[in-house]
Amino acid sequence: MSDTYIIEVGSQPAGIIVRAPGGYQFFAASHRFNQLEGQIFRNAREAERAANRLVSGMTLAA
């Protein structure tokens with residue numbers, strides 16, 4: 001399993017996630033995704049879903 005993943009929404013970079021205690025920490029690639037900055041996700045798929053929800057205007061609450 002990798003320690004770092006790039007998260008994209010469509011073909012646009014949203015950020016990267018890096019393995020951290022408790023999961024993967026999100027680092028935003030643009031201001032559009034600052035709301036996710038520093039959040040911990042269980043896996044890359046969870047971070048990708050959160051980025052997609054943010055773009056589509058849905059609430060980020062799990």
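Start with the charges: the protein carries 6 positive and 5 negative side chains, and the centres of those two sets sit 7 Å apart. Keep in mind that this is a predicted model. The other things to look at are the fold, the surface and a couple of aromatic pairs, F26 with F41 being one of them.

**Fold and overall shape**

- Going from the N terminus, the elements run β-β-β-β-α, which comes to one helix and four strands.
- The radius of gyration is 10 Å, close to the 11 Å that the globule rule gives for 62 residues, so the protein is as compact as a globular protein of that length.
- If you want a box for it, the C-alpha atoms fill roughly 30 × 25 × 15 Å along the principal axes.
- Take the contacts between residues at least 6 apart in sequence: 16% of them join residues at least 24 apart.

**Surface and burial**

- About 4000 Å² of the protein is exposed, with carbon and sulfur atoms supplying 53% of that area.
- On the burial side, 31% of the 62 residues count as buried.

**Aromatic pairs**

- A pair of aromatic rings is described by the distance of the centres and the angle of the planes.
- The count here comes to two aromatic pairs.
- Y5 and Y24 make an edge-to-face pair, with 5.7 Å centre to centre and 65 degrees between the planes.
- That pair links distant parts of the chain: Y5 belongs to strand β1 (residues 4-9) and Y24 to strand β3 (residues 23-28), 19 residues apart.
- Is Y24 buried or exposed? Y24 has 3% relative accessibility, and the cut-off for buried is under 20%, so Y24 counts as buried.
- Y5 has 28% relative accessibility, so this ring's residue counts as partly exposed.
- F26 and F41 are edge-to-face as well, at 6.3 Å centre to centre and with 70 degrees between the planes.
- Here too the pair links distant parts of the chain, with F26 in strand β3 and F41 in strand β4 (residues 40-41), 15 residues apart.
- Both F26 and F41 are buried.

**Putting the pairs on the fold**

- Strand β3 holds Y24 and also F26, so to speak one residue for each pair: Y24 goes with Y5, and F26 goes with F41.
- On the partner side, Y5 is in strand β1, whereas F41 is in strand β4.

Definitions and conventions. Residues are numbered from 1 along each chain as its sequence is written. This is a predicted model: local features need pLDDT of at least 70, side-chain atom pairs count only at pLDDT 80 or more; totals for chains, interfaces and linings use all residues. Side-chain values use heavy atoms; hydrogens and water are left out. Helices (H or I, at least four residues) and strands (E, at least two) are DSSP runs, numbered from the N terminus. The radius of gyration is taken over C-alpha atoms; the globule rule is 2.2 Å times the number of residues to the power 0.38. Buried means under 20% relative accessible area, exposed over 50%, partly exposed in between (1.4 Å probe, protein chains only). Contact means heavy atoms within 4.5 Å. Accessible areas come from the Shrake-Rupley method with a 1.4 Å probe; for residues, only the protein chains shown count as cover. Lys and Arg count as positive and Asp and Glu as negative; His and the chain ends are not counted. The place of a charge is taken as NZ of Lys, CZ of Arg, CG of Asp or CD of Glu. Rings of Phe, Tyr and Trp (its six-membered ring) pair if their centres lie within 6.5 Å; planes under 30 degrees apart count as stacked, over 60 as edge-to-face and the rest as tilted.
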